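Here are a few exercises to work through with the model open in your viewer. Try each task before you read its solution.

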Amino acid sequence: NSGFYPNFPALFNVATGRLVTVPFNYHRRGRLHHDIEYNPRTETFLAVLIYGKRFRGKPVMVDMMVEIGMDGKILWKWDHNVHLPVNPAKCPRYRGSTEPPDCYHTNSLYWDLDTDCIYMNTRNLESFFLINKTTGHVLWGVGPHGTLPMVGPTAGHRGNYHGVEPIGGGALVALNNN
């Protein structure tokens, strides 16, 4: 037993009460985790998939962003381990958890549909990133694993940021529930 459970994207129309669930059956390898975005133009979902992997014979948990169609098929993926490699020996294990160490723990996504870029926060890298979805390139990162340092009163503060949304002028709003 992998310890994973089936989970899936869903759309709920509050005006009609209609619930549409997407038949996402990737749970044999991992599970969707924390955040999901919906693109009404393409009727697809962007989500974080957390899955188990072995590094030097030891199990760890890693993340992958996936775009999922209404039929449940993965249309695009961006593996954190490929683009943001980490030392698995430094991946933290959570107190009381029976799961292997978690290398990324992506808490938040925001998919800017006009630029096709993704704002992403990874708790365990203590960094924000902007990723060009079209090219897969990391455009910038803020924090220890980024291209820009964190400055001001939050420098060196471990953030557990959720709900990242741009609010204009280069600013982002987020909830830190650390």
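**Exercise 1. Find the acidic partner of Arg 31 and say which parts of the chain the pair ties together.**

Start with the side chains: Glu 99 and Arg 31 meet in a salt bridge, 2.8 Å from N to O. That term stands for a side-chain nitrogen of Lys or Arg within 4 Å of a carboxyl oxygen of Asp or Glu. Next, place the partners: Glu 99 sits in the loop between α1 and β7, while Arg 31 is in strand β3, so the bridge ties together parts 68 residues apart in sequence. (Helices are DSSP runs of H or I with at least four residues, strands are runs of E with at least two, and both are numbered from the N terminus.) Last, check the cover: Arg 31 is buried at 9% relative accessible area, and Glu 99 counts as partly exposed at 25%. Buried means under 20% relative accessible area, exposed over 50%, and partly exposed in between, using a 1.4 Å probe and protein chains only.

A word on the model: it is predicted, so local features need pLDDT of at least 70 and side-chain atom pairs count only at pLDDT 80 or more, whereas totals for chains, interfaces and linings use all residues. Residues are numbered from 1 along each chain as its sequence is written, and side-chain values use heavy atoms, leaving out hydrogens and water.

**Exercise 2. How many salt bridges does the whole structure have, and are Arg 41 and Glu 67 buried or exposed?**

The search turns up four. One of them joins the side chains of Arg 41 and Asp 114 at 2.8 Å, N to O. Arg 41 lies in the loop between β3 and β4 and Asp 114 in the loop between β7 and β8, 73 residues apart. Both Arg 41 and Asp 114 are exposed.

Now look at Glu 67 and Lys 133, whose side chains meet in a salt bridge at 2.7 Å, N to O. Glu 67 belongs to strand β5 and Lys 133 to the loop between β9 (127–132) and β10 (138–142), so this pair ties together parts 66 residues apart in sequence. Here Glu 67 and Lys 133 are both buried.

**Exercise 3. Locate the disulfide and work out its handedness.**

First, count: there is one disulfide, taking a pair of cysteine sulfur atoms within 2.5 Å as the rule. Cys 91 is joined to Cys 103, with 2.1 Å from S to S. Then take the torsion about the S-S bond, which is about 100°, so the disulfide is right-handed. For cover, Cys 91 comes out buried at 9% and Cys 103 buried at 3%.

**Exercise 4. Give the strand order of the four-stranded open sheet and name its edges.**

Trace the order as β3-β4-β5-β6, with antiparallel pairing; two strands pair if DSSP finds at least two bridges between them. The edges are β3 (30–39) and β6 (74–79), each with a single partner strand, so one side of each has no neighbour in the sheet. Inside the sheet, eleven bridges join β4 (residues 44–55) to β5 (residues 58–68), and Leu 49 stands opposite Met 64 in β5.

**Exercise 5. Where is Asn 121, and what does it touch?**

Asn 121 is in strand β8 (residues 117–122) and is buried at 2% relative accessibility. Leaving aside residues up to four places away in sequence, the contacts of Asn 121 (heavy atoms within 4.5 Å) include His 105, Phe 128 and Tyr 161.
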